[in-house]
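Trainee: I am new to this structure and would like a close look at a single part. Please take the salt bridges and explain them step by step.

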Amino acid sequence: MWSKVSSVFWVSAAILMVAVVFGVAAPDQFEAATSNIESVITSGFGWYYLILVTVIVAFCLFLIFSPVGSVKLGKQDDQPEYSKPTWFAMLFSAGMGIGLVFWGSAEPLSHYAVAPPMADPGTDAAIKESMRFTFFHWGIHAWSVYALVGLCLAYFNFRKGRPGLISATLSPLLGKYAHSRLAMLVDIIAVAATVIGVATTLGFGAVQINGGLAYLFGIPHNFTIQLIIILIVTALFIMSAWSGLSKGIKYLSNTNMILAIVLLALVFILGPSLLILNLFTDTIGAYVQNIIQMSLRIAPLNEGNRGWINDWTIFYWAWWISWAPFVGIFIARVSKGRTIREFMIGVLILPVIVSFIWFAVFGTTAIDIQLAGAVDLTKYATEEVLFAVFNEMPFSAILSVVAVILIGIFFITSADSATFVLAMQTSYGSLTPPNSVKVVWGFFLAAMASILIYSGGLQALQNALIIGAFPFSMIMILMMLSIYKALRQERRELELQRRKRA
């Protein structure tokens, strides 16, 4: 069984093991080291992240209108494996996650009442800014990052017959070095970025489940409880991973979608429905009108605003980049037979709309409660804000229980999918990686999430994300150049075929 494992597994596992041991043996030094590296990246390369993600957005939009948009992600006679409704449902599922539940109320509230991007806290201008920048962070920029990686993987895997590896997407650039140590380095970086990105998200999930249980049942809010949560959920998602994609993750994903829709509908009905609709409509217009300015806003002459950009925008761009291998592989697998144009429109529009609706409902509800003045939501920790919001609404216990279950299932499905992707990336791109490899990666994800929480809590999680994303961001530049080169060649070949037929 272990003969199916590539060298990428052993090297990646060794590197991550060193990080885990370091975090256990010297948590304070680990936190200090990650903080120093994170500070260097955000202060020295913030401009780089902003320009890179903006270029990726422009590239994805270009592909929609380009003649190569008609190229299929597969052979010319391949048909999509899934109907459009099913495909859209899968994209919806990919667009939902622990992040939306964790930040759904907390981010808009913070932008309004704690530290707005530019306006004064608690003002009408801050309300509008809070929703606009939340939409910005979770909008087309995030999904363009995913779309680029997903497109490259789907194109080279389904149309060119390459293995489902990140390094395989660089074959037009690597040439004879496509199977060299350089290619192995690319896959190692992708694996490390995925582990850090997913482990960070699992850390958020464990902290918020603890926050919910503390709010509901008075359970202590500390690392020991969070570690127990991680261990329990790890056992569950390893069982799910062992059962295979067709069983465990399928049933969990369907349950997740239903719970998410139910929770969204309940909060909309019980919350300030008219204000939600009005603020959603107004913010969409402001988002579209200001998207270019927000995309390149670095605030070079204002330290306060620049600190806000580092803490929020740069953090999010790093989060999307570190999650890109994981989500990219997922959306690539379900998109065989689609054209590039259809793929880009579906990936860039539907999940973005879902995210906007989610934040409009939960964010506006939190802001409305804060405006009412009966309770100060800003005094709660980030992971407790959602439950504090529910506490001010009818059927608060029911809403909180549904939210805890939802977060738990998101936790399991994210880790379950990640173990499959990591096992695939370290088993020569196999679509049926050994279960033993999935189990090993499951333990690594749990260990990394635990170490990050233990060494520095939420700040350590954010530091790790920014550090892990930096090297993979450079690979994404190469992926963009590689797919552009391949599609130019594809276009020349298609035009030559048309001339021969004529």
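Mentor: What follows goes through the salt bridges, then turns briefly to a neighbouring topic, the cysteines.

This is a predicted model, in which local features need pLDDT of at least 70 and side-chain atom pairs count only at pLDDT 80 or more, while totals for chains, interfaces and linings use all residues. Residues are numbered from 1 along each chain as its sequence is written, and side-chain values use heavy atoms, with hydrogens and water left out.

A salt bridge here is a side-chain nitrogen of Lys or Arg within 4 Å of a carboxyl oxygen of Asp or Glu. Searching the whole structure gives three salt bridges.

One of them joins Glu 490 to Arg 159, with 2.6 Å between the closest N and O atoms. The two residues come from distant parts of the chain, 331 residues apart: Glu 490 belongs to helix H17 (residues 435-501) and Arg 159 to helix H7. Helices are DSSP runs (H or I, at least four residues), numbered from the N terminus. Glu 490 is buried, at 4% relative accessibility, and Arg 159 is buried too, at 10%. Buried means under 20% relative accessible area, exposed means over 50%, and partly exposed lies in between (1.4 Å probe, protein chains only).

Glu 490 also meets the side chain of Lys 160 in a salt bridge, at 3.4 Å from N to O. This pair again links distant parts of the chain, 330 residues apart, since Lys 160 sits in the loop between H7 and helix H8 (171-174). Lys 160 is partly exposed, with a relative accessible area of 38%.

Another salt bridge is formed by the side chains of Arg 338 and Glu 342, at 2.8 Å from N to O. Arg 338 is buried, at 2% relative accessibility, whereas Glu 342 is partly exposed, at 22%. As for shared partners, Arg 159, Lys 160 and Glu 490 are joined by their salt bridges into one network.

The cysteines can be read in a similar way. A disulfide is counted when a pair of cysteine sulfur atoms lies within 2.5 Å, and by this rule there are zero disulfides. For Cys 60, the closest cysteine sulfur is that of Cys 152, 8.9 Å away, so the two are too far apart for a bond. Cys 60 is buried, with a relative accessible area of 0%, and Cys 152 likewise counts as buried at 0%.
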